[in-house]
Amino acid sequence: GLVSAPRVGTGLGAAKVRRAFRGVLAAVDGADAADRTPRELRHGFVSLSSDSGHPIEDISRLVGH
């Protein structure tokens, strides 16, 4: 499955999204982005939101469950 589409309207698969994500991470914080994934960012959002006391129903809705 496709997860997004680039400006030209062709399909953009998960591998290209991961590659672009790692490029952004490397440019922003200079960290070793090779082991990072969008899923980790999502998991971090859920964990921080939960720890901050946000209702699980709201978190679930925000992450698409």
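Let's start with helix α2, whose 14 residues should span 20 Å at 1.5 Å a residue, and its end C-alpha atoms are indeed 20 Å apart, so the two agree. The expected span here is 1.5 Å times one less than the number of residues in the helix. Helices (H or I, at least four residues) and strands (E, at least two) are DSSP runs, numbered from the N terminus. Just past α2 comes Gly 53, with a positive phi near 90°.

Before going further, keep in mind that this is a predicted model, where local features need pLDDT of at least 70, side-chain atom pairs count only at pLDDT 80 or more, and totals for chains, interfaces and linings use all residues. Residues are numbered from 1 along each chain as its sequence is written, and side-chain values use heavy atoms, leaving out hydrogens and water. As for pLDDT, that's the predictor's confidence in each residue, from 0 to 100. The chain averages 80, with 77% of its residues at 70 or more. Among the elements, α3 has the highest mean, 94, while strand β1 (residues 2-4) has the lowest, 57.

Now the overall layout. The chain has 3 helices and 2 strands, and from the N terminus on they run β-β-α-α-α. Of its 65 residues, 11% count as buried, where buried means under 20% relative accessible area, exposed over 50%, and partly exposed in between (1.4 Å probe, protein chains only). About 5,100 Å² of the chain is exposed, and carbon and sulfur atoms supply 56% of that; these areas come from the Shrake-Rupley method with a 1.4 Å probe, and for residues only the protein chains shown count as cover. If you take contacts between residues at least 6 apart in sequence, 0% of them join residues at least 24 apart. Contact here means heavy atoms within 4.5 Å.

Back in α2, have a look at Ser 49, which sits in that helix. Ser 49 counts as buried because its relative accessibility is 10%. Its side chain reaches the backbone oxygen of Phe 45 at 2.8 Å. Leaving out residues up to four places away in sequence, Ser 49 touches His 54 and Ile 59. Val 46 lies in α2 as well, but at a relative accessible area of 27% Val 46 is partly exposed. Beyond its neighbours within four places in sequence, Val 46 is in contact with Ile 59 and Val 63. Val 46 and Val 63 are 17 residues apart in sequence, yet 7.9 Å apart in space, C-alpha to C-alpha.

On to α3 (residues 56-62), which holds both Asp 58 and Arg 61, 3 residues apart, or about one turn of the helix. An α-helix has 3.6 residues a turn, so residues three or four places apart point the same way. Asp 58 and Arg 61 form a salt bridge, with their closest N and O atoms 3.9 Å apart. The cut-off is a side-chain nitrogen of Lys or Arg within 4 Å of a carboxyl oxygen of Asp or Glu, and a search of the whole structure finds 1 such bridge. Asp 58 is partly exposed at 33% relative accessibility, whereas Arg 61, at 55%, counts as exposed.

Finally, Thr 37 is in the loop between α1 (14-29) and α2 (38-51). Thr 37 is partly exposed, at 23% relative accessible area. Setting aside neighbours within four places in sequence, Thr 37 is in contact with Phe 21 and Arg 22.

Notes: A polar contact is a pair of N or O atoms within 3.5 Å; within protein, one must be able to donate a hydrogen and the other to accept it, and residues adjacent in sequence count only if both atoms are side-chain atoms.
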